[in-house]
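Student: Please take a close look at one part for me, the largest pocket, and set it against the chain that surrounds it.

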Amino acid sequence: MSWIKVLAHDLRCGLLRRRYFLAPALVLLAFLRLGEAASAAGLSPSLGDMMLYAFGGIEPIVANNLRDFLDMPFRWLLIMSSVLLINLDYMLNDLTYSGQQVIVRCRSRSGWFLSKCVWSFLSTALCFAAMLLTAALCDACFGGRLTLESTFELSRLIGGRYITEGFSLTAWQTLAAGLAAPFVTLAALSMLQMTLCLFTKPVVSFLICQIQLIAAVFIKSPFCLGEGAMVMRSSWVAPNSLGPEYAGVSTYLSMGSALAVAVLCVAVGVLKFRRTDILGLEE
Amino acid sequence: MRIEIRDVTKTIKSALILDRVTLTLESGRIYGLQGPNGSGKTMLMRLVAGLIRPTKGEVLIDGRRLGRDMDFPPSLGLLIENPAFLPEYTGKRNLELLAGLQNRIGDGEIRTAMTDAGLDPDDRRKYRKYSLGMKQRLGIAAAVMEKPELLLLDEPTNALDEGGVEEICRLIRRERDRGALVIAACHDRELLEGLADELYTVAEGRVERREA
């Protein structure tokens, strides 16, 4: 029962006071750019196109194409990083200030840490809800369709060089690759970041997660956390037909491995936090 | 309540914080920890509160080992360093939120604790508008409101004027008379001599008993 109350404290302090405008502000800039480009091309983007644009990332990097190595999916990196930044410091801030009064009343270190894990998950969900709302508003402004289907023309505009004529994603595929996979990946990365904060400084844990995201651009594996969050890397978008080096990874497998990382981080975090010294700011 | 600190050593990043500390503390007494800044007083309190783990040795509370049989003492009131509350809520709302975690007390006890600490429970000001003295008083009210068996007060008279210091000393004695085990750390030797039943000097991580 007290665990639920600690979670209520975290929702009150952690969710209501965070700077959640950062993530929607970044996607708003991206959506406005997409909307303009689509209007110029006489197209109307759907909600699915918007999400694919935000979480498109970059197509598989092919070893013989040097240009690929210089291309970085900055839009994708910025949006992913903004969510990690929002989730970065709440746990340690809380522990340094009023959280000490809470944890001694909670009387369970594991319960307290698990509450922070749930908070981190919900915080990521709130970021996505804000981004989705922004996408819907932008869509309405540009006269787009509030549907999840993505079309060939828009996908080429978004940056899919290897997408072939007649390509389209179903609503379910868009939902899985453009929303669920980035969400699960970010939830896992946030959990990893929070657990790393128990071992090192928050800024270092943030940088480690950034390195992981950059590594995901170059390492093609569903087990590399981050790759599944790029729609362009999904096997639905980058099929095997152009050759195995152009092929994407399974979205479901990526989500599964991200979930496994999240569960592992929670377990490691609980064990580590049971031995962690809770010190003050000056100590 | 009986607290046994058995041969506890604590090091943090190779710095020796507590050095082979052995103490036995019992209910109904005020234990004063006196020593300069950085001597280890706060760390000793954090150790008893379960916030830090000993590198060597053990802390037993009523025979149960802290960190193994329990994460934190079962009935604890705590004021360590500067009090910290949610700035956008009133003092009373902050206490209500904390009290709600355990549901042991109601509105009446919160009001009494605030009044005893010299605060007006009906004050509509938010915590961020509080003066340093008021923040300190709220920290003490939070520590005593649930009538804990163990009360840890680190520099409880910080930021208080002369009248406030006397008021808080009276409150601490009342807690002792109620049966609480009180540990108060302070660098003001005179104040502690007047307040504590047993006085300990903390220096470079070592704890030695002095005549009160």
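**The largest pocket and its setting**

Tutor: Among the contacts in chain A that join residues at least 6 apart in sequence, 78% link residues at least 24 apart, a contact being heavy atoms within 4.5 Å. The model is predicted, with local features needing pLDDT of at least 70, side-chain atom pairs pLDDT 80 or more, and totals for chains, interfaces and linings using all residues. Residues are numbered from 1 along each chain, chains are lettered from A in the order written, and side-chain values use heavy atoms without hydrogens or water.

Chain A holds 12 helices and zero strands (DSSP runs, H or I of at least four residues for helices, E of at least two for strands). Of its 283 residues, 54% are buried, that is, under 20% relative accessible area with a 1.4 Å probe, protein chains only.

The largest pocket (on a 1 Å grid, an open set of points for a 1.4 Å probe, with protein on both sides within 12 Å along at least five of seven lines) encloses about 860 Å³ of space. Its lining, meaning residues with an atom within 4 Å of a point, numbers 27 residues, and those closest to the centre are A:L92, A:C197, A:T276, A:D277 and A:L279. At least two lining residues each come from α6 (90-96) of chain A and β1 (2-12) of chain B, while α6(A) gives the largest share, four residues. By class, the lining comprises 12 nonpolar, six polar and nine charged residues, where Asp, Glu, Lys and Arg count as charged and Gly as polar.

Definitions and conventions: Grid points are joined across faces, edges and corners, and a volume is the space filled by probe spheres set on the points. Buried means under 20% relative accessible area, exposed over 50%, partly exposed in between (1.4 Å probe, protein chains only).
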